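Trainee: I would like to take one part of this model and go through it slowly. Could you guide me once it is in view?

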Amino acid sequence: MEATREIYWNIGHGVVIPMYILAFAAFAVLAWGFWQRLPVWRQGKALDRFSSYDERVMRMTRDVFSQEKIFRVTAGGVFHSLFFWGFLILFVGTMLVMIQADLFTPLLHINLLSGEFYKGFSLVLDLAGLISLAMLTGLIIRRFVIRPKGLEIVRDDYIVLQLLFAILLTGFFLEGARMAATELRQNPGLAYFSPVGLLAAQVFDGMSQDVVLLSHKTLWWIHFGLVLGFFCAIPYTKLRHILTTSANAFLAPLEPKGTIATIDMEDERIEQFGVAAISDLTWKDIFDADACTSCKRCQDSCPAHVTDKPLSPMKVIKQIGELAEDNPSGNLIETVSQDAIWSCTTCRACQDICPANIEHVNKILEMRRNLTLMEGAFPGDEVRTAVSNIEVNGNPFGMAYAARSEWSEGLGATILESGEEVDILYFVGCYASFDKRNQQIAKSFLTICSSAGIKVGILGKEEKCCGEPVRKLGNEYLYQIVAQENIELIKAYNIKKIVTTCPHCFNTLARDYKDLGLEIPVEHYSTYVCSLIADERLKLEPEPFDFTYHDSCYLGRYMDIIEQPRSILKAAGGLITEMDKSRYDSFCCSAGGGRILAEEKVGSKISEARVKMATDTGAPLLISNCPFCLTMFEDGIKTGGAEGVLVVRDLAEIVAERIAVSADR
Amino acid sequence: MKLLVCIKQVPDLESRFKPDSEGVWYSESDLAWRMNEYDEFAVEQAVQLREKLGETVELTVLSIGPDRVVEAIKKALAMGCDNAVHIQDPVAAAKDPWQIASVIAVYAKDKGYDLIFTGMQSQDRGSAQVGVMVAEQLGYSSCTTLVGFEYDSGVVTAKRELEGGIKGVVKMKTPALVTCQLGLNVPRYPTLPNIMKSKKKEIITLAVSDLLTAEPLAATISFYSPTKKGGGLVLEGEVASLVDQVIGILKEKTSVLR
C-alpha cells in the first residue's frame, strides 16, 4: 500500500472555503494590528533605511534563518533557535500540505505527499514538532521556574507560551487520532514514520471509532482556531517580534559601526540639536522599541548596569516605546533620567549582543547632544573643567599646549613643522602626550618604529585633542572645532598614513573625520605592528610570559580588530588565558563615551570589576592597547586591591621590550 | 536699564611663561588664551540679572586689548550679553591699572550704566584695582569680592568675602559697580543656539587712543620667574631607616630639634 494520507480526512472538503475565509480574516487582524502602529512610528523624523535593498534582504535572510545572533547567548538562545527551526519546518510542512490539497490535487492531479517522500516528510515534521515542544518546555521552565535575574514575566509571556504549547500539543493529538483511526489499521508500517503521532495514538487505543472521529474533528478545529489565534496575536503581543525583529535586520544601518550623524554647523535653520522628545527621534528609533523582545541581553552586558548605575539599555528602548505610545509630547530626557544618559560608556556591548539589531548607543548620544548643546549640561563639574581645558589648551588636563611634545624629546621623532618628510604621522593623542604612565606607550611605539626603520612624524604642539570624548559627551560643536583644526593641519603636510596608539583617536580619525574631509588612511598601531612583523621589518625575540588580554571596545567591537593583537603577543612569546568576557563580549574599562573625563560616583567601579575578571584568570599580567584602558586599570588595580597580583601593561611596551637585536642593524 | 560687564582675556595659567624681549612683561608666544576666570563670574551674574529683568535691559560687554580679545568677547556674547565694545589696544599690557580704569571710565561716563560688573582681579596681573578705580572715576558706589548678589528696584544687596571666612552684607543704590569672586555662581556653558545667535550680535570697535587721557601712576620695572629653590626630597626604603633619615635631616637643616 502506498505511503500517503488523505488530506481533509474526516473533515471533508467542504471546509476549504470557510477555512480560507477564516485564515484571511486572521491575516487581516494581523495587518490591522500593524497598520495601527504606523502612526506611532511616524511620529519620528524621516530616515532612509530602504536603500541598498539587496544587501538588506540578504542580511535579513541570514540573520533570521541562521539564528546566529540568537544562539550567541546559550541561555535561552539555544532553546529559541531550535524552537524556531522546528516551528519553521512545521510551518513549511503545513504550507506544503495546503499546496498539495488545494493546488496540486485539484489542478495538476499529482500527489507529492506520497511514497518515500511522504515517509521522510512525516518523520521530519514529527521530529521538528518534538524538538519544538521540548524547546518550548525549556523556555517555559527558564522563564517561570529558573527565572533569571532581570527577565520579566508579563502578560504576553503567559499568552504566547501557552498558545504555542497548545498548538503543538493539539497538533500531535490530532495526528494521533487520525493515525488511530487510519494508519494503525490500514498501514501500520507507515506509522513508524510518525513516532510522536504514534505515541499520541495510544491515547485513542480502545476507544470506539465514533469517539475517535469526533475527537479528531474537534481537535482539528481547536488546532486550527489556535493557529488563527497565533496569527491574530502577533501584532498585539511579544509575538510581534517575528515581524518587527526580522524587519530590524533589514532596517539596521549599513554604515561602518559607530557612525554618528555629523551635524551641519553651517546650517542656520537648525534650532533644535539632539533629542529631547519623541518627535526629535527618527522613526527607526521608535520602531526599535517594537523590535525589542525584552531578552535583557543588553542589560546583562552593560558595564554601567552590572555595576549598579541607573542605566539599562533595554529600559531606555522601552521608555521610548512607552512614551511614543502614551505621551508623545512628554520629556524623553526626564523619562530616561540624566543619570542614566550620562552613565553610558558607549562601549557598544548592548548593541553588539542585541539579537534585534536595536541601535541603543546613538539614541543615548542624541540625548546627550541635547543636554550639552541645548542646556550646556555636564555630568559633573570635573567634566566642565576638562572640556574647558580642551577648548583652551587642546587637552583635557589643562596642560600647556606648548608642552605637548615634551615626552618625545631626544627620541628621534620628527616634528612636522620642521618640514621634513616622514613615513607615517603618529597622532599621539592627549593621554600618551601628557600622562606620565601613558607616555610609555608613545615612547615604546617610537622604539618599535625606529627598529623597523620607519621615520615617524608628530604634530607636536600643533596637535589637539581629536575631540572624541567631547563628541561622545554630546558636544558636537567643540568636536568639530578641534577636528577641523586637526584636519587642516594634517592636510597641510604631505602625509600618506596616520597611525594612532589610542583606539579613540583611531575611530575618530579613521571614520568620523571622513565626514569632515580627511581621506588619509588611518591605522591603529596594533594592526600596523602586525604588518611590520608580517613584512619582517620588525623582528621579535620571543620570551615566554603568561598574560590575559583586554579587548578595548573601540578596537574590538567597533573596529573588529580582535586577532591581530593576540597574534603579536603570541609572536612575542605570550601564553594567553582569556577572560570570560573577551573579544566581542569584552567588558568596558569604564572610560568610553567621554567617561574618562568624569568621576564614577554612582554604583561600584567598572574598572575594579574588570580587574577582578583579569585576576580570576590567574594570569599575572593584563595587556591592553588603549591609553584610556591602561589608565583605568592602573586605577582599578590600586583601588580594587590587586596590587602585587596583577600588573597592567600596554601591547606597545611588551613589543618594544622584545625587539630582536639583529646583526645587520 | 543698562548693564556693563568688563572682561579681560588672560593667558591660561598652565602656559609656559617667559619674559618678553624688554623684560617687563611676559612674551606672548606659545600661550593659550581664555577669559579671566573672575570675569566669567561677572558675565554670568550680569546675564542672570539681565534674564531676570527681561527685555528692557541692555547688557554690554567691554574688553580692552589686541584683536585676540574678540575671542573672549564672543564667549561673553554667547553666554548672553547683548552687544560688545572692543577697545582696540595692541599694547594694553603695557598700561597700568589706573590707565585701564580711566579708559573704561571715559567710555562709560556718558552712557548711563546702572550697574557695572567686573572680576575681582585678573589672573595674570592680579592688581585687583581696575574695578574700584572705574567706580572711583565714575563716582559710583562699589563693592568688591562678591560671593552673593541680589538686585531689587535700584538696590544691590551684595555678600562679600572678608578675612577669615567671615562674610559681610552690603546694600548699595545704583549706579554701582561690583567685582566678582569665586563662589558667586557657576558660569554657564554657552548653548549652541546662543553661540549661533551671538555671531550676529554687534561688536563696536573703538581705538584706545580716543579714550586714553590718563598718565600711568605705576610702572612695571621687571618681569622674571622666581629663582628655583631646592625641590622636594623623596626618601625611600624601610620605615625604621626612613625615620632615622628624617630625624637626621631635621637636626641638620632645621632648628626644630635644637
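Trainee: Among contacts in chain A between residues at least 6 apart in sequence, what percentage join residues at least 24 apart? After that, please look closely at chain A, beginning with helix H12 (residues 283-291).

Mentor: This is a predicted model, in which local features need pLDDT of at least 70 and side-chain atom pairs count only at pLDDT 80 or more, while totals for chains, interfaces and linings use all residues. Residues are numbered from 1 along each chain as its sequence is written, and chains are lettered from A and ligands numbered from 1 in the order in which they are written.

Among contacts in chain A between residues at least 6 apart in sequence, 80% join residues at least 24 apart, a contact being two residues whose C-beta atoms, placed from the backbone, lie within 7 Å. The chain has 30 helices and 9 strands, which are DSSP runs numbered from the N terminus (H or I over at least four residues for helices, E over at least two for strands). Its C-alpha atoms fill a box of roughly 100 × 60 × 50 Å along the principal axes, and of its 665 residues, 47% count as buried, meaning that 20 or more other C-beta atoms lie within 10 Å of a residue's own (12 or fewer is exposed, and in between is partly exposed).

Helix H12(A) is mostly covered, with 8 of its 9 residues buried, and these include the charged-named positions Lys284(A), Asp285(A), Asp288(A) and Asp290(A) as well as Ile286(A) and Phe287(A). Among the elements that cover these buried residues are helix H1 (16-41), helix H11 (241-251), helix H15 (313-326) and helix H19 (360-375) of chain A.

Of these, H11(A) packs against H12(A) at an angle of about 140 degrees, with the axes 8 Å apart; axes are lines fitted to C-alpha atoms, for helices over the stretch in contact, and angles run from 0 to 180 degrees between N-to-C directions. That angle makes H11(A) oblique to H12(A), because angles under 35 degrees count as roughly parallel, over 145 as roughly antiparallel, 65 to 115 as roughly perpendicular and the rest as oblique. The crossing is left-handed, in the sense that the near helix is turned anticlockwise from the far one by less than a right angle (clockwise would be right-handed). On the H11(A) side, residues including His241(A), Thr244(A) and Leu251(A) take part, and they meet a set in H12(A) that includes Lys284(A) and Asp288(A).

Further along the chain, Ala386(A) lies in helix H20 (residues 381-393), and it counts as buried because 24 C-beta neighbours lie inside 10 Å. Leaving aside residues up to four places away in sequence, Ala386(A) touches Pro396(A) and Leu597(A).

The chain also holds an open sheet of 4 strands in the order S7-S6-S8-S9, with parallel pairing, where two strands pair if DSSP finds at least two bridges between them. Strand S7 (574-576) and strand S9 (647-650) stand at the edges with a single partner strand each, so one side of each is left without a neighbour in the sheet. The twist averages 40 degrees from one strand to the next. Within this sheet, strand S6 (residues 545-549) and strand S8 (residues 621-624) pair over 2 bridges, and Leu622(A) in S8(A) is the bridge partner of Thr548(A). Helix H29 (residues 627-639) lies across S8(A) and S9(A), running at about 170 degrees to S9(A).
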